[in-house]
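Student: I am new to this structure and would like a close look at one part of it. Could you take me through the pairs of oppositely charged side chains, slowly and with the surroundings of each?

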Amino acid sequence: TTNVLRPRANTFLGSNQNQNETDPDPDPDSDPHHPDTQNPTDHTAATDNSDSHPVLSSLILADNRIHAEGGRCLGRLLRTNKSLLLLDLRLNHLADEGGRMLLEGLRENDILQRLNLATNQIGTQTAAALSTVLGGGLTRLQVVDISGNSLSTNDIHALHEALPHCETIVCLDLRRNCGTQGPGNDQHVIKKIKDILRRNELRISDKLQIQDKTVSPAK
């Protein structure tokens with residue numbers, strides 16, 4: 001059976017940067033294909049109870065005003081956690097310090113796969129910490145949403161330099177950041193980031209196909 005926690009927040013993680021390329025700022029509420037609208041009634045964080053010991057695998061705390069102190073506490077949790085796959089912290093006023101402390105906890109984490117830090121007033125410190133995580137070779141992050149924040153063009157460049165060292169990430173939402181819109185944005189680097197994510201996606205797909213062929217019974 002599956003236990004269910006019901007925090008105040010709702011919905012799921014962020015969107016793929018390649019979606020809605022003709023609309024630089026799509027509205028999740030009006031886009032039926034946006035991941036944030038796929039499960040509008042899913043207000044849950046699931047726990048695996050298969051061996052009678054509940055294990056938290058999803059934690060959705062969007063819009064709970066946890067601020068920088070909450071980022072610090074969650075960062076300490078992530079250092080040793082061996083079960084959490086999804087962490088949604090949208091709209092929590094983490095600020096740059098809180099985002100940095102949260103991501104510092106991911107340096108030793110090889111479990112978390114989906115992270116949403118959208119609209120948290122994060123910037124250069126957080127981008128640097130995320131670049132360190134992505135470049136460290138340990139993380140298993142697949143989807144990261146840092147849209148609606150204050151990342152600069154230099155921050156986007158730092159993330160681009162780290163991405164080739166992370167073969168698991170297939171979605172990095174950078175929309176609505178200073179470095180991805182306006183006259184100072186670098187579309188060349190943004191395109192390179194999309195290319196890296198696409199290569200990762202294809203590589204993972206190929207591996208899965210090979211695995212399927214390996215385990216398929218001979219006819």
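**Charged pairs and their surroundings**

Tutor: Let us begin inside helix H5, where Glu-201 and Arg-198 are both found, 3 residues apart, which is about one turn of the helix. This is a predicted model, and within it Glu-201 and Arg-198 form a salt bridge whose closest N and O atoms are 3.1 Å apart. As for how open these two residues are, Glu-201 has a relative accessibility of 34% and counts as partly exposed, while Arg-198, at 42%, is likewise counted as partly exposed. In general terms, side chains of opposite charge can pair when their charged atoms come close.

Helix H5, which covers residues 187-215, also holds Asp-195 and Lys-191, and since these two are 4 residues apart, about one helical turn separates them. They too form a salt bridge, with 3.2 Å between the closest N and O atoms. Asp-195 is partly exposed, its relative accessibility being 31%.

A further pair takes us away from that helix, to the side chains of Lys-82 and Asp-110, which meet in a salt bridge at 4.0 Å from N to O. Lys-82 lies in the loop between helix H1 (67-80) and strand E5 (86-88), and Asp-110 lies in the loop between helix H2 (95-104) and strand E6 (114-116), so this pair ties together parts that are 28 residues apart in sequence. Lys-82 is exposed, with a relative accessible area of 57%, whereas Asp-110 is partly exposed at 32% relative accessibility. The structure holds 7 salt bridges, and the pairs described here are among them.

The loops of that last pair lead to strands E5 and E6, and both strands belong to an open sheet of 5 strands, arranged in the order E4-E5-E6-E7-E8 with parallel pairing. At the edges stand strand E4 (58-60) and strand E8 (171-173), each with a single partner strand, so one side of each is left without a neighbour in the sheet. From one strand to the next, the twist averages 5°. Strand E6 pairs with strand E7 (residues 143-145) in the parallel sense over 3 bridges, and in this pairing Arg-114 has Val-143 of E7 as its bridge partner.

Technical notes:
Residues are numbered from 1 along each chain as its sequence is written. This is a predicted model: local features need pLDDT of at least 70, side-chain atom pairs count only at pLDDT 80 or more; totals for chains, interfaces and linings use all residues. Side-chain values use heavy atoms; hydrogens and water are left out. Buried means under 20% relative accessible area, exposed over 50%, partly exposed in between (1.4 Å probe, protein chains only). Two strands pair if DSSP finds at least two bridges between them. Axes are lines fitted to C-alpha atoms, for helices over the stretch in contact, and angles run from 0 to 180 degrees between N-to-C directions.
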